[in-house]
Amino acid sequence: MNILLVGSGGREHALAWKISRSPKVRSLYIAPGNGGTARLGQNIVLRDDDIGGIVAFARAHAIDLVVTGPEAPLVLGLADALKEAGIACFGPCAFAAQLEGSKAFAKNMMRKTGVPTAAFTVFNRYEEALGHVRTHPLPMVVKADGLAAGKGVVIAQTREEAENALKEMMLDKVFGPAGETVVIEEALTGEEASFLAFCDGKNIVPMPSLQDHKRIGDGDTGPNTGGMGAYSPAPVLGESRYAAMTDLCMRPIVDRLAALGHPFRGVLYAGLMMTDRGPMVLEYNVRFGDPECQPLMARLDSDLVDIMTACAAGDLAAGHVSFRPETSCCVVMAAKGYPRTYPKGMVITGIEEAEKLPDVVVFQAGTKRDGDRIITTGGRVLGVTALGADLEKARARAYEAVERIRFDNSYHRTDIACKGLGRKA
């Protein structure tokens, strides 16, 4: 098969790494890719939101399957455009992608299908939203409706914080059109977990649970990021609960979309809060998380190309999917200053030394190749990922690998997976 992978982050390096191991692959192209994907296939100078360019490339190069890493191309209708061109796509159509592209759509879908979630109200007028936050119990959550690069959610502890969030989203338009509509909801408390599943429009095969670490600082302090590390499985959501969780938060959504004539094909991701009222869905994503993809790919034992092809064709079976029993842990190495301003262009050394450790893979995110050198281009630079017999061993091996890697102004959290071990760093 000729495969085109769309995206440029650590998630895409992990997907490319797994795809390239399949004997079914003839050629692998990555658009636009990064320094890590360049060694696994051919990077293509195409933006991931250039829908017309991606379809034209797929036609010209006899692409058999397009795999979409990030959410934006799916929300923009890449799967629909590829279907029209007769090209298979691993990823949902634009209608189904609204589960991530519109928080109001997702919340209303949960309400209609009975999926447990926080109580919420949707507003598209600033004055009405302002009146609501002035009486809503604290804390409260204010969300921009559309895509905001993971930054459009504010957990307001005070009314001033809530009002400032509304002003920035609806009046100052810091997220552009994404903030024209907002969702205001109750703040849930508990421990978070990530639950992902492969879907073919009808059949659902869950993956092992994970826990992500969104805040920049140890102890979950500081601003939110795209994710500073993840591990799998998460003790808070054990394997014995996967089937029940699938029925609770996946099956109603997949069945409803199928009934509406928009079958969901790809990865459905439920962000969960394990509350004292039971599990509740915070949000849905319509693709692999980043960095959650990295520990999942490290554990995946099956041929990913077989799974993706089956999802796209609508004939996925549980037998297609198996995972290694080991635990996996991913520690993100970032540029100091991220998620705000940060330096670029630092030379990275030690990746090969890190990967000499058993069951360690260093997935590259914000990097590019410059001759024989790898240099930084982004805030999140590397996802250092390790397997271990248990969480303690996987975590220790990941941090041992981190210590072998060097670049100026590097930063990483020191407490990834400590929550799963019931301790602080």
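In this predicted model, phenylalanine 90 is buried, with a relative accessible area of 4%. Buried here stands for a relative accessible area under 20%, so the 4% of phenylalanine 90 falls within that class. A search of the whole structure finds seven aromatic pairs, and one of them joins phenylalanine 90 to phenylalanine 198 in a tilted arrangement, at 6.4 Å centre to centre and with 55° between the planes. Distant parts of the chain are linked in this way: phenylalanine 90 belongs to strand β5 (residues 88-90) and phenylalanine 198 to strand β10 (residues 191-200), 108 residues apart. Phenylalanine 198 also counts as buried, at 0% relative accessibility. Ring pairs extend the picture to a cluster made up of Phe90, Phe198 and Phe288.

Strand β10 takes part in another aromatic pair as well, through phenylalanine 195. The ring centres of phenylalanine 195 and tyrosine 242 are 5.7 Å apart, and because their planes stand at 45°, the pair is classed as tilted. Tyrosine 242 lies in helix α9 (residues 242-259), so this pair ties strand β10 to a part of the chain 47 residues apart in sequence. Both partners are buried: phenylalanine 195 has a relative accessible area of 0%, and tyrosine 242 has one of 10%.

Strand β5, the home of phenylalanine 90, also has a place in a sheet. Five strands make up this open sheet, in the order β3-β2-β1-β4-β5, with parallel pairing. Strands β3 (42-43) and β5 are at the edges; each has a single partner strand, so one side of each lacks a neighbour in the sheet. For β5, strand β4 (residues 65-68) runs parallel to it and is joined to it by three bridges. Along this pairing, leucine 65 is found opposite alanine 88 of β5.

Turning to the helices, α8 (residues 159-171) has 13 residues, which should span 18 Å at 1.5 Å a residue; the end C-alpha atoms are 17 Å apart, in agreement with that expectation. Its buried residues include Ala162, Ala165, Leu166, Met169 and Met170. These residues cover an arc of only 105° around the axis, which means that they sit on the same side of α8. The spacing fits a general rule: an α-helix has 3.6 residues a turn, so residues three or four places apart point the same way. Among the elements covering the buried residues of α8 are strands β6 (120-123), β7 (140-144), β8 (153-156) and β9 (182-186), together with helix α7 (126-133). After α8 comes lysine 173, with a positive phi near 55°.

Note on methods:
Residues are numbered from 1 along each chain as its sequence is written. This is a predicted model: local features need pLDDT of at least 70, side-chain atom pairs count only at pLDDT 80 or more; totals for chains, interfaces and linings use all residues. Side-chain values use heavy atoms; hydrogens and water are left out. Rings of Phe, Tyr and Trp (its six-membered ring) pair if their centres lie within 6.5 Å; planes under 30 degrees apart count as stacked, over 60 as edge-to-face and the rest as tilted. Helices (H or I, at least four residues) and strands (E, at least two) are DSSP runs, numbered from the N terminus. Buried means under 20% relative accessible area, exposed over 50%, partly exposed in between (1.4 Å probe, protein chains only). Two strands pair if DSSP finds at least two bridges between them. The expected span of a helix is 1.5 Å times one less than its number of residues. The arc is that of the directions from the helix axis to the C-beta atoms. Contact means heavy atoms within 4.5 Å.
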